[in-house]
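Thanks for making time for this; I would like to walk through one model with you, starting with the overall build of a chain and ending with the places where parts touch. Please keep the view open while I talk.

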Amino acid sequence: METKSLGRDADGHLANRNDWNEKVAEDLAIEEGIEKLTDRHWIVINFMRKEFAEKGDAPSIRKLTKESGVDTKELYALYPKGPAKKSAKIAGLPKPKGCI
Amino acid sequence: MSQPIEKVSIIVSRGSLDGIYPGLIMANGARMEGIDATLFFTFFGLYAVINKKMDNIKIATVGNPAMCVPDAMGFGLPTWMGAIPGMSRYATSKMKKEMEKLDIPPVREFVEMIHDAGCKLYGCKATVDMFHLTKKDFCPQVDDIISVGQFYEMSAGAQIIFT
C-alpha cells in the first residue's frame with residue numbers, strides 16, 4: 001500500500017491533507033478494520049471534509065448526527081470504534097479536538 | 001505502554017446541571033473513543049433520566065461558593081445572593097447558552113445520543129424504591145432498574161467512575 005509511505009502525525013492521521021485521495025481513503029479504512037467503504041461511509045467522510053474545509057476543525061458527533069444525514073446508531077454501525085475519530089482519519093483530517 | 005481503557009461504568013449521583021453533565025460527557029466521550037460505557041443513575045442523579053425532570057435541570061446557586069459573575073473568572077457572588085428568586089434560573093440559562101455554543105446538547109437529546117451510541121443506561125433500584133418511582137417515570141432510553149449487585153456484575157472489567 002502506498003499509504004504506508006505517507007507522513008503521519010502523532011495520532012497516526014495524515015500529516016499533509018494534500019496527500020489524500022479516494023484511494024488513500026480506502027487504504028486508511030483498511031488500516032481501521034473497514035474492508036469496504038460503502039456509500040454511507042462516504043456520506044460521513046465527505047461531510048467531515050466539507051466541515052473541516054469551512055471551519056478548520058472536524059465537526060462534533062452531535063453535528064455529525066444532526067447534519068450529515070447519518071444518525072447516531074448508523075454512525076456507530078459504520079465506524080464501531082468511534083465515528084468522529086475514525087472517519088476523520090479516513091478523511092485525511094487530524095483527530096477532532098472537541099469533547100462532544 | 002500502559003493498558004488502554006476498554007470499558008467504563010459511570011455513576012451519576014447528583015441532580016444539578018453541573019452534577020449531571022460531567023457523567024454524560026464522559027460516557028459520550030468514551031463511546032467516541034470506542035470504549036464500552038455504562039451509565040448508572042442514583043439518588044438525584046436519576047433526574048437526568050426522569051421524563052418530567054430531565055428538561056428542567058438547573059445549576060444550584062444556593063450553597064455554591066464557586067459561583068462567580070458575570071462568568072467563571074468574574075467576582076465571587078456572595079452566597080446569600082444565590083438565594084434571590086430567579087438566580088438559579090438565570091445562571092442555568094446563561095450556562096446553557098455557553099453549552100449550546102460548544103455543541104453540548106440539552107439533557108434529553110444528550111441521553112438519546114448516548115443511548116444510540118451503544119451506552120447502556122440503568123437506574124438505581126434502591127433510589128427508585130425510596131422515591132416511589134416506577135419504570136414508567138423514566139425516559140425510554142433507560143434499559144433497566146438494577147440493584148447495586150447487578151451494577152457490579154455488569155461492571156466486570158470496567159473502570160468505575162463516580163460523579
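For chain B, which has 163 residues, a compact globule would be expected to show a radius of gyration near 15 Å, and the chain comes out at 17 Å, so the two agree. I should say at once that this is a predicted model, and that everything I quote is computed from it. Measured out along the principal axes, the C-alpha trace of chain B extends over about 45 × 45 × 25 Å. Of its 163 residues, 33% count as buried. If we take the contacts in chain B with a separation of 6 or more, 72% of them are between residues that are 24 or more positions apart.

Turning to secondary structure, chain B holds five helices and seven strands, and, read from the N terminus, their order is β-α-β-β-β-α-α-β-α-β-α-β.

How is chain B divided into domains? Domain 1 takes in 1-55 together with 106-163, while domain 2 covers 58-105. The centres of these two domains of chain B, taken over C-alpha atoms, are 24 Å apart. Where they meet, seven residues of domain 1 of chain B are in contact with six residues of domain 2 of chain B. On the domain 1 side of that meeting, helix H1 (17-32) and helix H3 (107-116) of chain B each contribute at least two residues, and H3(B) gives the most, with three residues. By class, the residues on this side of domain 1 of chain B are four nonpolar, one polar and two charged.

The other place to look at is where the chains touch, and there 16 residues of chain A are in contact with 14 residues of chain B. On the side of chain A that touches chain B, the elements giving two or more residues are helix H3 (61-67), helix H4 (72-78) and helix H5 (83-90) of chain A. Which of the elements provides the largest share of that side of chain A? That is H3(A), with four residues. Sorted by class, the side of chain A that touches chain B has five nonpolar, five polar and six charged residues.

One remark on how to read these counts: the size of an interface is often given as the accessible area lost when the parts come together. What I have quoted for the two chains is instead a count of residues in contact, 16 of chain A and 14 of chain B.

Terms used: Residues are numbered from 1 along each chain as its sequence is written. Chains are lettered from A and ligands numbered from 1 in the order in which they are written. This is a predicted model: local features need pLDDT of at least 70, side-chain atom pairs count only at pLDDT 80 or more; totals for chains, interfaces and linings use all residues. The radius of gyration is taken over C-alpha atoms; the globule rule is 2.2 Å times the number of residues to the power 0.38. A residue is buried if 20 or more other C-beta atoms lie within 10 Å of its own, exposed if 12 or fewer, and partly exposed in between; C-beta atoms are placed from the backbone. Ala, Val, Leu, Ile, Met, Phe, Trp, Tyr, Cys and Pro count as nonpolar, Asp, Glu, Lys and Arg as charged, and the others, Gly among them, as polar. Domain bounds come from an automatic or database domain assignment.
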